Amino acid sequence: MNAGATTRRRIVVTLDSAQVEPGDLERLLRLAHRLDADLEGVFVEDSDLLRLADMTFLREFRPTSQRAESFQSGRIQQELRVLARRAERALAEAAERRGVTVSFRTWRGSIERELLSEVQADILAVMRLGAIAFQPSRRRAPELVSACFDGSDESARALATAADLATDNDDISLQVIMMSGPDAGSDELREHAASLLAEHSGNVVYRFLEDKTVGGLLKVLHESGSTALVMQRDNSMLRNTSLRQYLSRLHCPLFLVR
């Protein structure tokens with residue numbers, strides 16, 4: 001590499017059989033365009049789910065036949081290939097409209113044990129994960145992008161990404177969730193966040209996290225109507241909580257920043 005050359009940022013978005021809401025996809029493509037980043041779509045085949053196909057005593061309800069049938073590994077894998085092609089086509093069409101270059105691949109592995117370690121990116125946008133589908137929610141206006149901030153360099157990068165997500169659209173506000181209660185040092189933390197957002201012209205809301213647990217964070221996100229969450233990839237809540245359980249309760253896209 002030539003001296004002084006810069007490395008393009010890499011954004012990876014996870015996809016599966018569930019349809020991504022147009023607003024979520026549009027927000028992601030705006031981010032990729034704004035950052036001039038490489039975008040890769042990864043269709044996730046959950047190996048833990050696929051292992052269920054080998055258990056002959058299990059049944060699934062088939063909408064086409066309106067009855068319960070046994071799992072068939074060959075059929076399930078064929079259906080996954082069809083869904084992967086559909087997801088690839090949808091992402092490519094949306095990216096072309098935005099002028100974003102995109103690549104695509106299929107990844108098979110354990111969501112719980114392998115996803116975060118094997119799928120590497122500067123920004124990992126978790127839209128869907130295997131059998132987990134976010135519960136439908138009514139979009140509030142304006143939309144609200146939330147970012148977790150604890151004063152570290154990593155959380156500062158997450159905050160900058162959240163600001164980029166909330167830029168170029170007057171209908172999107174930014175919520176800074178400070179990972180501390182309103183105690184000693186909290187004013188300095190807020191001032192630090194505000195200084196990092198000095199050039200952000202949109203609406204910003206600051207909120208302290210008094211209950212520093214996963215449940216406390218999720219409560220804040222639900223009460224505020226957040227439509228996206230941005231956090232550092234090594235956040236302790238991800239290290240100490242089952243990824244599958246965390247995502248099943250989150251109900252909005254998750255952007256993990258490295």
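**Exercises: a buried alanine and an arginine patch**

Alanine 228 is buried, with a relative accessible area of 0%. Keep in mind that the model is predicted.

**Exercise 1.** Work out where alanine 228 is found and what it touches beyond its sequence neighbours.

*Solution.* Start with the secondary structure: alanine 228 lies in strand β10, which covers residues 228-232. Next, skip residues up to four places away in sequence and list what is left: Arg27, Leu144, Val145, Ser146, Cys252, Pro253 and Phe255. Now pick out one of these partners, proline 253, and check the spacing. Alanine 228 and proline 253 sit 25 residues apart in sequence, yet their C-alpha atoms are 5.1 Å apart in space.

**Exercise 2.** Decide whether arginine 89 is buried, partly exposed or exposed, and say which surface patch it helps form.

*Solution.* First, find the residue: arginine 89 is in helix α3, residues 73-98. Then take its relative accessible area, 48%. Buried means under 20% and exposed means over 50%, so arginine 89 comes out as partly exposed. Finally, look at its company: Arg81, Arg85, Arg86 and Arg89 make up a positive surface patch.

**Exercise 3.** Zoom out and describe the protein chain as a whole: its elements, burial, contacts and surface.

*Solution.* Count the elements first: 9 helices and 11 strands. For burial, 47% of the 258 residues count as buried. On to contacts: among those with a separation of 6 or more, 77% come from residues 24 or more positions apart. Last, the accessible surface is about 13,300 Å², with 47% of it belonging to carbon and sulfur atoms.

Methods
Residues numbered from 1 in each chain as written. Predicted model: local features only at pLDDT ≥ 70, side-chain atom pairs only at ≥ 80, totals over all residues. Heavy atoms only, no water. Patch = residues over 30% accessible without salt bridge, like charges linked within 9 Å, V, L, I, M, F, W, Y side chains within 5 Å. Areas by Shrake-Rupley, 256 points an atom, 1.4 Å probe, with all protein chains shown as cover. Salt bridge = Lys/Arg side-chain N within 4 Å of Asp/Glu carboxyl O. Lys, Arg positive; Asp, Glu negative; His and termini not counted. Charge placed at Lys NZ, Arg CZ, Asp CG, Glu CD. Helix = DSSP H or I, 4+ residues; strand = E, 2+ residues; numbered from the N terminus. Buried < 20%, exposed > 50% of the residue type's maximum accessible area, 1.4 Å probe, protein only. Contact = heavy atoms within 4.5 Å.
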